[in-house]
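I am opening these notebook entries to record what I looked up, and in what order. The topics are strand pairing, charged pairs, one contact distant in sequence, and empty space.

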Amino acid sequence: ARSGVRTKALSGAARVARADLAMNTFGLPLQAIELVNPLLGSAEHGEDAELTTLMASLYDRDESAEALNTRIISFSRRVLRLDASQVLAGQPTPSGKPRQRPRVGLLSPLFCVSPVYFLTIAGWQHVAKGSDIVVFNRGHKTDWATEIFKGLASEWHNVQEMDAVRLAQAMHAADIDVLYDLGGWMDPVGLKALSVKPAKQMFKWVGGQSVTTGLDNFDGWIGDEGQSPMHLQHLYTEPLVNIDGGYATYTPPDYLPATPKTKSDVPVIFSNPAKLSRAFLTHVQGIKGKKRFVHQQFKYAQSRAQVLKFLPGSDVEFVTPSGHQEALEVLGQHKVMLDTFPYSSGLTAQEALAMGVEVQARVGTLFCERHCARL
């Protein structure tokens, strides 16, 4: 009997791990949903299975955006909740005294070459002039962008291994005036810690900002009238705070290629394979001629096979750049980039436009479906 229970538990853990591999390595969200489906409702792995299903459905689904959004909020209310009276009981009370330089907290697993760097660093460079920046680093990747973040920080806390309770206590003890979550749905543990509101004020900004957190204690969700128009406030549990001129400022890397004089007529799709929904690939079927798909993950046969189900091999070219610089060099050579839907390109669309590449996009409803609404 013991052996049977152990085998069943390992089977569940293996399914969750395989689903993570399917979605985040091979870019196959529907396969991820299929893998965890038998675990839905189980005591040990049910929450992981439900979260996987919800996140995968952002990429490809049959239900409406509104229906998925409702399910995500329901999950957040049931699962991502800590009791502040218990978590913060006995913890030191912040001073509450006014100070010359506010303490601004940043929480994210992506203090590296990522959208969090390219879309927010100009903001933090400005904030650092008059505030003390306190970083709570949830990630393991370190690169040149990490060093720039470290150069701005007054304090740097590596909190990768903390559970939600310890993380909430650490942020509370840091006596933060304003905390910006830059992790979102990439970091459910981080969201759970934020459910007790460990800072005086909290805002959701770039980083896992695909859809509302479902938490009701944020002071604002930072967007703009293109990304999150006020008539869509009902999709957010956070109050919308829309910034005139755009919710983020793109800071290009030093190695952004110059715009070439001549460009290829072959349309390019520069995207994580997970964003290649059935609807998008069906749309691409109607475009005659060759299409070029660009991403490191196309080195995997599973990722290429998903595209080839919809498109004949003679119409497809796969490019697997070795890094960000090479990927930009490939992207800039094209006249047109076809943007994915329903989950659209955020940073990539900004990069394409910076190099004179036209972006053809379809705007949806959720935040992650509206990245090109203003652009």
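**Entry 1: strands**

Which residue of β9 is the bridge partner of I269? I looked this up in the model, which is a predicted one, and found that I269 is bridged to F293 in β9. The pairing behind this contact is parallel, with three bridges between strand β8 (residues 268-270) and β9.

I then turned to the other neighbour of β9, strand β10 (residues 316-319), and noted that these two strands also run parallel, joined by four bridges. Here R292 is the residue that stands opposite E317 of β10.

For the side chains of strand β9 (residues 291-294) I asked which ones point the same way, and the result is that K291 and F293 point to one side while R292 and V294 point to the other. I marked all four as buried, the charged K291 and R292 among them.

Next I followed the connections between the strands. The path from β8 through helix α10 (residues 278-285) to β9 makes a β-α-β unit, and its hand is right. From β9 the chain passes through helix α11 (residues 301-308) to β10, and this β-α-β unit is right-handed as well.

**Entry 2: salt bridges**

How many salt bridges does a search of the whole structure find? The search returned 17 of them, and I went through three in detail.

The R99 and D175 pair has its closest N and O atoms 3.1 Å apart. These two residues come from distant parts of the chain, 76 residues apart, with R99 in the loop between α5 (84-87) and β1 (103-108) and D175 in the loop between α8 (164-173) and β4 (178-181). Buried or exposed was my next query for D175, and at a relative accessible area of 13% D175 is buried, whereas R99 is partly exposed at 30%.

In the second pair, the side chains of D177 and K200 meet with an N to O distance of 3.5 Å. D177 belongs to the loop between α8 and β4 and K200 to the loop between α9 (188-194) and β5 (201-204), so that 23 residues of sequence separate the partners. D177 counts as buried, because its relative accessibility of 17% is under the 20% cut-off, while K200, at 37%, counts as partly exposed.

The third pair is K197 with D219, for which I noted a salt bridge of 2.9 Å from N to O. K197 lies in the loop between α9 and β5 and D219 in the loop between β5 and β6 (220-223), so this salt bridge ties together parts 22 residues apart in sequence. Both partners are partly exposed, K197 at 26% relative accessibility and D219 at 27%. I also checked for shared partners, and R99, D175, D177 and K200 are joined by salt bridges into one network.

**Entry 3: a contact distant in sequence**

I looked up P29, which has its place in helix α2 (residues 29-36) and is buried, with a relative accessible area of 7%. The C-alpha atom of P29 is separated by 9.5 Å from that of L276, although the two residues are 247 apart along the chain.

**Entry 4: empty space**

Rolling a probe the size of a water molecule over the atoms shows where empty space is left. What volume lies in the second largest pocket? I have it down as about 220 Å³, with a lining of 14 residues, of which G123, W205, I243, Y247 and T249 lie nearest the centre. Helix α6 (residues 115-127) gives the most to this lining, namely six residues. By class I recorded nine nonpolar and five polar residues in the lining of this pocket, and no charged ones.

For enclosed space, the search of the whole structure gave one cavity of 30 Å³ or more, and the largest cavity holds about 80 Å³. Its lining includes L119, D224, Q227, R370, H371 and R374. Y247 is also one of the residues lining this cavity, and I had already noted Y247 in the lining of the second largest pocket. By class, the cavity lining has four nonpolar, four polar and three charged residues, whereas the lining of the second largest pocket has no charged residues.

How values were computed
Residues numbered from 1 in each chain as written. Predicted model: local features only at pLDDT ≥ 70, side-chain atom pairs only at ≥ 80, totals over all residues. Heavy atoms only, no water. 1 Å grid on protein atoms, 1.4 Å probe; cavity = no way out; pocket = protein on both sides within 12 Å on 5 of 7 lines; lining within 4 Å. Points joined across faces, edges and corners; volume = space filled by probe spheres on them. Buried < 20%, exposed > 50% of the residue type's maximum accessible area, 1.4 Å probe, protein only. Pairing = 2+ DSSP bridges. Right-handed = clockwise from strand over helix to strand, strands pointing away. Salt bridge = Lys/Arg side-chain N within 4 Å of Asp/Glu carboxyl O.
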